[in-house]
Amino acid sequence: MKAIDMEHVQTLLDQFANEPVYIHLETTNGAYAKHFDSNAHNVGAYIRNAEITYERGTIVESDGTYRVGLKTNGWIYAEGITDYEMNDNDQLLMAGHDGEGRLMVALEISRTPFKM
Amino acid sequence: MVDFAKHEQVVVIYPHPDDESFGTSGTILNFRDAGVPVKYLCGTLGEMGRNMGTPFFANRETLPEIRKQELIDACNVLDMDLVMLGYRDKTLEFESKYEMADDLKQRIEAAGATLVITFYPPYAVHPDHDAMGAAAFEAVRQMDEDNRPEVWATAISNDREASLGEPDIVLDTESVFDRKLAAIKSHKSQAEGMLRKMQESSNFTGEYDSALQRLRYETFYKVDVDQVDS
């Protein structure tokens, strides 16, 4: 993956609009958050291979990281995105990593189901 | 002192590639050096891991294949047979414990295990650890009492000693630590962050020494599965 190029990501988001796509959306602070800090608690959410169609996808910059929103018949968004990649399976992968390279949030879009 | 050679077959049951290397590889190496075959039933490929390498080189979609290869490499270092069970990372607690236990029971019996090593629920912190351990306990519970393997369980929660007392087995892995560290480093995507942190700590005295300090001892509780709730 590489650092977000906002213009390029916007172009890619436009290419997936108005057709059925699969999404992967997750965020997590890890399974050990509470183990290492008793004041914390583990938080995460995860959805893989949800089929959706969005009419508009938008990337917005915010203090050096990015938010991506997809307007469906509801809404989907992810915050804290830092990196992206269009992989060999034509899947748009977007993720937010912390300073140690750990994934904190991911939003991915594909025309074919993500591998299980 | 553990008499490693008295065992005929060890089966290790953990959910993630690297669980075996960080917590139990010194023990595995001692069994292998005593000529005892060891089989690893690895639940998942750690598909949902957060660590992508430091700096990151994996992504959510490439991580499973990368971790699969790391697992194979680690098992080669440990000279241990590997079976990948094909469950999905972070979902084990939502599977049927009894279906998992049934599958594990057949594999334990087919292997002829005299010792099963797994996690100790609910003292294993990660939900997959607890779920895998609970299924392994249940698998042994469903076996004929006469043919049950011994069970050693790994507890890692902060309250483990308050709840369980001192571990029954404390193994010093120094004599095999070079290979233990090599097994850990096979899991490049997962180990780099820890190794980097070690290097940055103020008392860093070299990779081998610092790792030895942290990971030298492996501890287990001997479990009678009829005496535990999980």
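**Strands, cores and helix contacts in a two-chain model**

Biologist: Which residue of β6(A) is the bridge partner of A:Leu70?

Modeller: The bridge partner of A:Leu70 in β6(A) is A:Ile76. The model is a predicted one.

Biologist: What makes β5 and β6 of chain A a pair of strands?

Modeller: Two strands pair if there are at least two bridges between them. Strand β5 (residues 65–71) of chain A is joined to β6(A) by six bridges, so the criterion of at least two is met. The two strands run antiparallel.

Biologist: Why do β4 and β6 of chain A count as edge strands?

Modeller: The open sheet consists of three strands in the order β4-β5-β6 (chain A), with antiparallel pairing. β4 (56–62) and β6 (75–81) each have a single partner strand, so one side of each has no neighbour in the sheet. From one strand to the next, the twist averages 15 degrees.

Biologist: Which strands of chain A stand at the edges of the six-stranded sheet?

Modeller: This second open sheet has the order β1-β7-β8-β9-β2-β3 (chain A), and its pairing is antiparallel. β1 (2–3) and β3 (44–52) stand at its edges, because each has a single partner strand.

Biologist: How do you know that β8(A) and β9 of chain A pair?

Modeller: β8(A) and strand β9 (residues 103–110) share six bridges in the antiparallel sense, and at least two are required, so they count as paired. In this pairing, A:Ala95 stands opposite A:Ala106 in β9(A).

Biologist: Why is A:Asp63 called exposed, and why is A:Asp90 called partly exposed?

Modeller: A residue is exposed if 12 or fewer other C-beta atoms lie within 10 Å of its own, and buried if there are 20 or more. A:Asp63 has 5 such neighbours and therefore counts as exposed. A:Asp90 has 13, so it falls between the two limits and is partly exposed.

Biologist: What is the phi of A:Asp63, and what is the phi of A:Asp90?

Modeller: Most residues other than glycine have a negative phi. A:Asp63, in the loop between β4 and β5 of chain A, has a positive phi of about 50 degrees. A:Asp90 has a positive phi of about 55 degrees and lies in the loop between β7 (83–86) and β8 (92–97) of chain A.

Biologist: What is the omega of the cis peptide bond that joins B:Thr54 and B:Pro55, and of the one that joins B:Pro121 and B:Pro122?

Modeller: Omega is about 0 degrees for the bond joining B:Thr54 and B:Pro55. For the bond joining B:Pro121 and B:Pro122, omega is about -5 degrees. B:Pro55 is found in the loop between β2 (38–42) and α2 (63–78) of chain B, whereas B:Pro122 is in the loop between β4 (115–119) and α4 of chain B.

Biologist: Why is α2(B) called roughly antiparallel to α6(B)?

Modeller: The axes of α2(B) and helix α6 (residues 177–186) of chain B come within 8 Å and cross at roughly 170 degrees. Angles over 145 degrees count as roughly antiparallel, so the description applies. On the α2(B) side, the contact is made by B:Glu70, B:Asp73, B:Ala74, B:Val77 and B:Leu78; on the α6(B) side, by B:Arg179, B:Ala182, B:Ala183 and B:Ser186. By class, this contact has five nonpolar, one polar and three charged residues.

Biologist: Which residues have the most contacts inside the largest nonpolar core?

Modeller: They are B:Val11, B:Val12, B:Ile13, B:Leu104, B:Val116, B:Ala135 and B:Ala136, in a core of 54 residues. Helix α4 (residues 127–141) of chain B gives the most to this core, with eight residues. Apart from this core lies another, of 28 residues, including A:Val9, A:Ile81, A:Ala95 and B:Met52.

Biologist: With which residues is B:Val116 in contact, leaving aside its neighbours within four places in sequence?

Modeller: B:Val116 is in contact with B:Val11, B:Ile13, B:Ile108, B:Ala136, B:Val140, B:Pro149 and B:Val151.

Biologist: What makes B:Leu171 partly exposed?

Modeller: B:Leu171, in strand β6 (residues 169–172) of chain B, has 19 C-beta neighbours inside 10 Å; a buried residue needs 20 or more, and an exposed one has 12 or fewer, so B:Leu171 is partly exposed. The C-alpha atoms of B:Leu171 and B:Met1 are separated by 8.2 Å, although the two are 170 residues apart along the chain.

Definitions and conventions
Residues numbered from 1 in each chain as written. Chains lettered and ligands numbered in written order. Predicted model: local features only at pLDDT ≥ 70, side-chain atom pairs only at ≥ 80, totals over all residues. Helix = DSSP H or I, 4+ residues; strand = E, 2+ residues; numbered from the N terminus. Axes fitted to C-alpha atoms, helices over the stretch in contact; angles between N-to-C directions. Core = buried A, V, L, I, M, F, W, Y, C linked by C-beta atoms within 7 Å. Contact = placed C-beta atoms within 7 Å. Parallel < 35°, antiparallel > 145°, perpendicular 65-115°, else oblique. Nonpolar A, V, L, I, M, F, W, Y, C, P; charged D, E, K, R; others polar.
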